[in-house]
Amino acid sequence: MTSAARATDWQLLQRLIPYLRPYRWALLGSGLLLVPLAAAAALQPIIIGQAIAFLKQEESTYAFLKPLSFTQGIDLLSMALLVTVILRFTLQAAQGYWIQKIGQQITADIRHDLFDHVLRLSSRFFDRTPVGKLITRLTSDVDALGDVFATGAVGVISDVFSMVVVILTMFLIDHTLATLLLALVLPITALIIYFQNRYRLANYKSREELSLLNANLQENITGIGVVQLFRREAFNSDLFRRRNQRYIREVDRTIFYDSAVSATLEWIAFVAIAGVLWLGGALVEQRTIDFGTLATFILFSQRVFDPLRQLAEKFTTVQAGLTAIERINDLLSEPIEIQDPDPRGVRAPIRRDNPYAVEFRNVWLAYKEEDYILRGVSFQIGAGEKVAIVGPTGAGKSSIIRLLCRLYEPSRGEVLIDGRNVREFSQADLRQHIGVILQDSFLFSGDVKSNIALGDAYPLDQIQRVAAEMNIAEFIEQLPAGYDTLLRQRGTNLSAGQRQLLAFARVAIRNPQILVLDEATANLDVGTEVMIQAALNRLLVNRTAIIIAHRLATIRHVDRIFVLKRGKLVEQGTHTELLDRNGVYANLYRLQALSEITEDTAGRTAL
Ligand code: ADP
């Protein structure tokens, strides 16, 4: 179980306090309404009791009623009853509306904070958390909390308050009967608390199962291509069925405890009335109390258990709400591993147009404990130098890039940019200095220009200029709405080459000092390849560049080539130097050259 699951309800509720603060006056206002509400609830049985006492001319009739005529007395009491009824209904409605409104606002605030927090979490967190789980927390868990307000479950506070007022009033009127009712209330409350705890545990488990179910769903939808190509439908469907079954089993358990509470309360309310009748009847016979008081107490016994019953009805929602806070709290307490430096200690970023140098000093990196992917990597890249990193798949090339951009922190060693540790930059500055072009550039749903600007306010003419430099302007202008054309989700209406050029434009407009490029492996047609190469050459001017190269033929011109093998830098030098060395690079190069020739011949034979 998670650490937060052990947090007491009180600690959980404390997490809500900062969210309540902005609404404190409104909350106080609706809290004050509790007083007249509870008073009206306690008064009604007394008024009815008095009506009976008045009719029977009993001793307990209030002195001011005694001299009144029959009609006068009844009219007065009916009017009083009517006033309490109207008061209760209007105040209850006003309070309900008020609380729900504030509640929805608070829920929205929490949802937003959660979203912001998730966006700041490190890549390591996303490595170990399935997307479906996160979505569940952001949607249905937050909704469960919203339900607490929407279904008026916060009225529990008002229920408990009126219960206390009713009990106190009872003691003022008659000790014996009040004690009897209290004696019934206490064990029942204990029983409710017991069921409540059981329900809570079951509910937490069912939410966990729902998370897993959603994670599974998300995985299948994202990977639908693979699911269908490898005919995994039946297998996955079976997996889903079992998960679904497990979820339902946990939900069943919550239903059981929920019903148990309702049933107990239903039963106890009748026991209470019977108890009052039995004891009250005896007291009437002994003339200790009269009929009016007995009637008042029969109504009181209802009034005492009514809030408890209400509580039971709202119980599910309240408990689900607490579980939701628990799970939201889990996520909100997830530490942000990659923090900006203390702003007081940082020199103001100096935006210079000259390229920056890059240095790795004895860098080690493990994604999982002690399983080192990079092992003591050291190198220096001069300002403006173009370097290519080559090596077999899994050698750690992308990991070097991730460290440079500080998506991960090195386990040991230092990463420096322009002579300063990357940790000394704010993340926003760092990402301003480094422009990254990945193989699969993620395109957001939106139009072409916003996919280049990515939320920054660049004027259209600047976007157009950059697009022209990156050889994509012509293509964009041919689109139905030019720069305003909507891209389909993930850019499925663009070719791989066009996506690549769009990614270039995205980086070019930001004018970073360092360029990082994960060279696409896709085989592009010759025309596109020439366009990409020309755009790239323009992009490289006056920038330090690190290129992860997959095809060695494309990097002959770079200043230096780093050869990475199993997390170690094994060779470095220019293309010719490395060929002369006749080591790993020379081998890789010959192998690739050979396979390209074979492919070529095979292609031609096929023709
Ligand atoms: P390359 O880019 O050279 O193919 P990577 O730097 O992507 O290599 O990966 C190096 C090794 O690190 C691989 O064996 C890969 O399995 C592992 N690895 C990469 N990313 C992660 C991650 N997020 N969590 C755990 N292991 C990872």
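In this predicted model, strand 4 (residues 412–417) pairs with strand 5 in the antiparallel sense, and two bridges hold the pairing. One residue pair can be named here: I417 has R420, in strand 5, as its bridge partner. These two strands belong to an open sheet of four strands, whose order is 2-1-4-5 and whose pairing is antiparallel. Strand 2 (371–381) and strand 5 (420–421) are the edge strands of this sheet, since each of them pairs on one side only.

At the other end of the order 2-1-4-5, strand 1 (residues 358–368) runs antiparallel to strand 2, and seven bridges join them. Within this pairing, L365 is matched with L374 of strand 2 as its bridge partner. The connection between the two strands can also be followed along the chain: strand 1 and strand 2 form a hairpin, with two residues between them. In the turn of that hairpin, E370 has a positive phi of about 60°.

The reader may now turn to the ligand. Which residues are found around the ligand? A shell of 13 residues surrounds the ligand, and the closest are D127, G394, K397, S398 and S399. Helix 12 (residues 397–404) provides four residues, the largest share of this shell. Sorted by class, the shell consists of five nonpolar, five polar and three charged residues.

Several contacts to the ligand involve the protein backbone. A polar backbone atom of G394 lies 2.7 Å from an oxygen atom of the ligand. For A395, a polar backbone atom is 3.2 Å from an oxygen atom of the ligand. In K397, a backbone N or O atom is found 2.8 Å from an oxygen atom of the ligand. How much of the ligand does the protein bury? Taken alone, the ligand exposes 560 Å², and the protein buries 68% of that area.

The next topic is empty space. Rolling a probe the size of a water molecule over the atoms reveals where such space is left. The largest pocket has a volume of about 1800 Å³. Its lining is made of 41 residues, of which S123, L407, R431, V436 and L438 are the closest to the centre of the pocket. Several elements give two or more residues to this lining: helix 4 (70–120), helix 5 (123–128), helix 12, helix 13 (427–433), strand 6 (434–437), helix 17 (496–508) and strand 9 (514–518). Helix 12 therefore appears in two settings, as a contributor to the lining of the largest pocket and as a contributor to the shell around the ligand. By class, the lining of the largest pocket divides into 23 nonpolar, seven polar and 11 charged residues.

Cavities are also present in the structure, which holds four of 30 Å³ or more. The second largest cavity contains about 70 Å³ of space. Which residues line the second largest cavity? The lining is formed by R15, L16, Y19, I110, L145, I325, I328, N329 and L332. Helix 1 (9–20) and helix 11 (291–332) are the elements that give two or more residues to this lining. Helix 11 gives the largest share, four residues. Of the residues in the lining of the second largest cavity, seven are nonpolar, one is polar and one is charged.

Conventions
Residues numbered from 1 in each chain as written. Predicted model: local features only at pLDDT ≥ 70, side-chain atom pairs only at ≥ 80, totals over all residues. Heavy atoms only, no water. Near = heavy atom within 4 Å. Polar contact = N/O pair within 3.5 Å; in protein donor to acceptor, adjacent residues only side chain to side chain. Areas by Shrake-Rupley, 256 points an atom, 1.4 Å probe, with all protein chains shown as cover. Nonpolar A, V, L, I, M, F, W, Y, C, P; charged D, E, K, R; others polar. 1 Å grid on protein atoms, 1.4 Å probe; cavity = no way out; pocket = protein on both sides within 12 Å on 5 of 7 lines; lining within 4 Å. Points joined across faces, edges and corners; volume = space filled by probe spheres on them. Pairing = 2+ DSSP bridges.
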